[in-house]
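Student: I've just opened this one and don't know where to look. Can we go through it together?
Tutor: Sure, let's start with how the parts meet.

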Amino acid sequence: MWSNLQRWRGVALVATALVATVWLAASNQLVLYIHPRYIVFTVIMAGIALVLVVAGLLARRGHRDDEDAPPARLPRLLSFLGLAIAAVIAITMVALPPATLTSATADQRSINSTTVGAQAQNVDTVASSPAGAFAKFTVVDWASLLRQTNDLAFYSGKPVDVVGFITVDPDDPDNVFYVSRFVVTCCAVDAQPVGIPVYYPNWTSTFKAGDWVEATGGFTANRSTTSAQGIALEPANVLAVEQPSEPYLY
Amino acid sequence: MSTRAPDRARVDNPQHPGHDHDERPRLPASRWVWMIVGILALAGLLAVRGLADGAGFSLPNQLQDLLTLSISVVIESLPFVILGILLSIIVQVWLPEGLLMRWLPRNPVLRRLCISCFGIFLPVCECGNVPLARGLIVKGFTVAESMTFLLAAPIINPITIVTTHQAFGFDNGILVARIIGGLAIANIVGWLFSLHPQQDSLLTPRFAAECRRPADHEHEQSRWSKSVDLFVRETSVITPALFIGALVAGGIQVLVPRQVLVTLGSNPVWSILAMMVLAFVIAVCSNVDAFFILPFASSFMPGSIATFLVFGPIIDIKMLAILRTTFTTRVLVQLTVIVALLSALIGAVVNFVV
C-alpha cells in the first residue's frame, strides 16, 4: 500500500492536472489562469506528459520501491496528509467550474496601487489621436491616462466606453465605484487590479460589487465629496453585461 | 573536498540479488483495475463540474480566489516542471556516461563557476530546475555543485535575461546587478556548502538513498523504459510538493494585504525587506518576474527591485516546498538566510551607489 502510494501519487496528480489543463485549453478557458503567451507551451508539455503518464502506467516496474522500508508513523502520517491536501487541489481543478479572480482579491490588492504596465497609453500621443481611437480604449488605457494627468480639458470630447467588474471605492462606498479589470503578466497570481472611478449615486441599489458592467460617458470633475479621486467617469449609461471570455487584460 | 564525484554510487549492492525483472509483458491485474477506477473517477469529477456549472454553484469569494490562485500556480508551473523532468531524464539516461564530467575543470572553484553558467543554455525557470539538479546529483555532481547550478540557472537563463532587459533596459544597473548578483550568490553558496564534510547529509534520507542505488542492472532495462520509470518516480516526488506550495502561496496571497508592502517602498532599508517578503509570497516564475515588478519600479528604489529579482528566483514559498523533496530542512533554513543576506547586500549596494 505504502509503496504503491509512493509510486503512483505523482502520476495520479499529474494526470488529473493535465486533464484539467487540456479541458481548459479545449474550452478556451486557460486564460482564466495564465497569460495567453503560455498556452501553446502549456498544451505541448501537457501532450508530452500525457504520453509519459500512459507509458508509465503500461510499463513494468524498473525496480521495486518497497526496497525502501516504510518510514516511521509520524512522517508517514505527514506524507498522507500532504498527499490529501494535494489531492484536494487536483480534484477541485477538475470538479469545480473554472473561475476568474473576484472583487475580493481586487480589494485585497488595492486597486491602482501600482502604475499600469509597459503598454500604457501616453498623454502626448493620445492628445493627437483621432476621436475614433478612444472607442477601443480599455480600463487599463484610461487608468494609465488618469494617473498621468488630471487636466479636465484633456478628457473633454473623449468618449469612454469600457467593460469591467465593480469594486467599491472605500472612501465613498455609496456613490463611487471602480470599473475594474485585472492586469496579468504571467498568471492569475500576479494579477493587479486596475480601475477607473465612476460617480454613480446610490449605485448599490442597482448593482453589487463584482458585477460586470459596461459603462459609457465622459470624464468630469468628481462630484463626490469624500472620494480621493479628482476625476471620475460621469456615466451616460451603465449596463449589466456578461463576464467577457477573456476577463483579464495584459 | 568537492573536486570529484563522491564515490557513493556505483557499488555492487548485495542486498538485491535478482530483481524480479519479469520478462512477461503482462501487467498485474490490479494495475488495470486501478487504471479503470482512475479513469472513471476523472469522468465522475467532470460530471460533477457539469452539474455545478448547471446549478449556478458558486463558492464564497475568498475561497474561490484561494482556489483560483492555487490552480493558477499549478497550471503555470507544471509545464516547466515537466520540461525540467525531461531534461533530467536526458542528463541521466541519454547523455553518454561522463560527458558532462569530462570537460569540466578540476579546480573546484572554476568547476562551480562553469556549472553556474549551465543555465545560459536552459530556458527553464526555478521549479523546473529542481528535477534537473536532482538528476545532476544522481549523475555524480556533488550536492554543492548541483546547488550552484540550481541557484544560478533561473537567473541567467536566456528568457529571464531577455525579459529583464525588455522591462528595465540597462537603467539603474538592475539588469547587471541581477546577473552578476545571481552568479555571485550561487558561487558563494556553492562554496559554503562544499565545505560540509558529508555532502550526503545535506540531502533528505530518501533522495540520498536513491543516489546510492546501484546502477548495476542498467543492461536489463532499455533506455526508454528507464526514462519512463524516471518520469514516474520524479513526478511522485515533485508534484505533491508543487501542489502544496501552490496552496500555501495562494493562501498567503488571499490573507496578506498587498498595500502593507507597497507603503514601505521608499525607504532604502525597508523597501529591500518589503521586496524580499513580496518575492517570497508571490512565488512568481523567474522568466517573467521582471514584468511583474516593473509597475512597482516607480514606487520602490532600484536596489530593492534588484533584490526582488535576485532573491525571488532562488527562494520563495513554492520553491521551498519543492526543494524540501531534496534537501533537509536545516539546509533550506541556512540557504534562505544566506541568500536573503546576500541579496539584501546587493540591493543595498545598488541603492546607495547607483
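Student: How much area is buried between chain B and chain A?
Tutor: About 6,900 Å². Carbon and sulfur atoms give 69% of that. Keep in mind that this is a predicted model.

Student: Which three residues of chain B supply more of that area than any other three?
Tutor: Arg49(B), Ile75(B) and Phe243(B). Together they supply 11% of the area that chain B buries against chain A.

Student: And how many residues are in contact?
Tutor: On chain B, 76 residues. They are in contact with 75 residues of chain A.

Student: How many salt bridges cross between chain B and chain A?
Tutor: The rule finds 1. Asp229(B) and Arg7(A) form a salt bridge through their side chains, at 2.7 Å from N to O.

Student: What about polar contacts, how many residue pairs there?
Tutor: Between chain B and chain A, 13 residue pairs are in polar contact, counting pairs with both residues at pLDDT 80 or more.

Student: Which elements of chain B give two or more residues to that side?
Tutor: Five stretches to find: helix 1 (29–54), helix 2 (61–94), helix 10 (223–255), helix 11 (258–262) and helix 13 (289–293) of chain B. Helix 2 of chain B has the largest share, with 20 residues.

Student: What's the mix of residue classes on that side of chain B?
Tutor: Where chain B touches chain A, there are 45 nonpolar, 17 polar and 14 charged residues.

Student: Switching to chain A alone. Which domains does it have?
Tutor: The domain assignment gives domain 1 (2–95) and domain 2 (103–240). The centres of these two domains of chain A are separated by 41 Å, taken over C-alpha atoms.

Student: How many residues are in contact between those two domains?
Tutor: In chain A, 6 residues of domain 1 are in contact with 5 residues of domain 2. The two domains bury about 330 Å² between them, and 50% of it is on carbon and sulfur atoms.

Student: Which residues of domain 1 lose the most area there?
Tutor: Tyr33(A), His35(A) and Tyr38(A). Together they make up 71% of what the domain 1 side buries against domain 2 of chain A.

Student: How many salt bridges and polar pairs cross that domain interface?
Tutor: The rule finds 0 salt bridges between domain 1 and domain 2 of chain A. It finds 1 residue pair in polar contact, both at pLDDT 80 or more. By class, the touching side of domain 1 of chain A has 4 nonpolar, 1 polar and 1 charged residues.

Definitions and conventions:
Residues are numbered from 1 along each chain as its sequence is written. Chains are lettered from A and ligands numbered from 1 in the order in which they are written. This is a predicted model: local features need pLDDT of at least 70, side-chain atom pairs count only at pLDDT 80 or more; totals for chains, interfaces and linings use all residues. Side-chain values use heavy atoms; hydrogens and water are left out. Domain bounds come from an automatic or database domain assignment. Contact means heavy atoms within 4.5 Å. Buried area is the accessible area (1.4 Å probe) that two parts lose on being put together, summed over both. A salt bridge is a side-chain nitrogen of Lys or Arg within 4 Å of a carboxyl oxygen of Asp or Glu. A polar contact is a pair of N or O atoms within 3.5 Å; within protein, one must be able to donate a hydrogen and the other to accept it, and residues adjacent in sequence count only if both atoms are side-chain atoms. Ala, Val, Leu, Ile, Met, Phe, Trp, Tyr, Cys and Pro count as nonpolar, Asp, Glu, Lys and Arg as charged, and the others, Gly among them, as polar. Helices (H or I, at least four residues) and strands (E, at least two) are DSSP runs, numbered from the N terminus.
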